[in-house]
Amino acid sequence: MKRIASIILLILGMYMIYLSIPSEGVIMRPPMVSGVAFILIGLVWLNPKTA
């Protein structure tokens, strides 16, 4: 179950970073910060040493 949650977090993190890519001059920093945090949490959960 934790593995599924970590994969969802990784996908959500990548999507949040995608949302923060500047388009039409608008830069959204909060989604990028959240996306990086989601990816880090997902990687920690996938690490077998922390399981």
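## Overall make-up

The protein chain has 2 helices and 0 strands, and the model described here is a predicted one. Of the 51 residues in the protein chain, 18% count as buried. The accessible surface of the protein chain amounts to about 4,100 Å², and 75% of that surface belongs to carbon and sulfur atoms.

When contacts in the protein chain are taken between residues at least 6 apart in sequence, 54% of them join residues that are at least 24 apart.

## Helix α1 and its two sides

Helix α1 covers residues 2-19, and at 1.5 Å a residue its 18 residues should span 26 Å, which agrees with the 25 Å that separates its end C-alpha atoms.

The buried residues of α1 are S6, L9, L10, G13 and M16. These residues cover an arc of only 130° around the axis, which means that they lie on the same side of α1. On the other side of α1, the residues I4, I8, I11, M14 and Y18 are exposed. As for what covers the buried residues of α1, the cover includes α2, which runs over residues 29-46.

## S6 and its partners

One of the buried residues of α1 is S6, and it may serve as a worked example of this side of the helix. S6 has a relative accessible area of 0%, and because buried means under 20%, it counts as buried. Leaving aside the neighbours of S6 within four places in sequence, the residues in contact with S6 are G42, W45 and L46.

Among these partners, L46 is found in helix α2, whereas S6 is found in helix α1. The relative accessibility of L46 is 32%, and because this value lies between the 20% limit for buried and the 50% limit for exposed, L46 counts as partly exposed.

## A nonpolar patch on the surface

A nonpolar surface patch of about 690 Å² is made by I7, I11, M14, M32, V36, L40, L43 and L46. Both helices take part, since α1 and α2 each supply at least two residues of the nonpolar patch, and the largest share, 5 residues, comes from α2.

Several residues already described appear again in this patch. I11 and M14, which belong to the patch, are among the exposed residues of α1 on the side away from its buried ones. L46, also a member of the patch, is in contact with the residue S6, so that this partly exposed residue of α2 takes part both in the surface patch and in a contact with a buried residue of α1.

Note on methods. Residues are numbered from 1 along each chain as its sequence is written. This is a predicted model: local features need pLDDT of at least 70, side-chain atom pairs count only at pLDDT 80 or more; totals for chains, interfaces and linings use all residues. Side-chain values use heavy atoms; hydrogens and water are left out. Helices (H or I, at least four residues) and strands (E, at least two) are DSSP runs, numbered from the N terminus. The expected span of a helix is 1.5 Å times one less than its number of residues. Buried means under 20% relative accessible area, exposed over 50%, partly exposed in between (1.4 Å probe, protein chains only). The arc is that of the directions from the helix axis to the C-beta atoms. Contact means heavy atoms within 4.5 Å. Accessible areas come from the Shrake-Rupley method with a 1.4 Å probe; for residues, only the protein chains shown count as cover. Patches are made of residues with over 30% relative accessible area and no salt bridge: like charges are joined within 9 Å, nonpolar side chains (Val, Leu, Ile, Met, Phe, Trp, Tyr) within 5 Å. A salt bridge is a side-chain nitrogen of Lys or Arg within 4 Å of a carboxyl oxygen of Asp or Glu.
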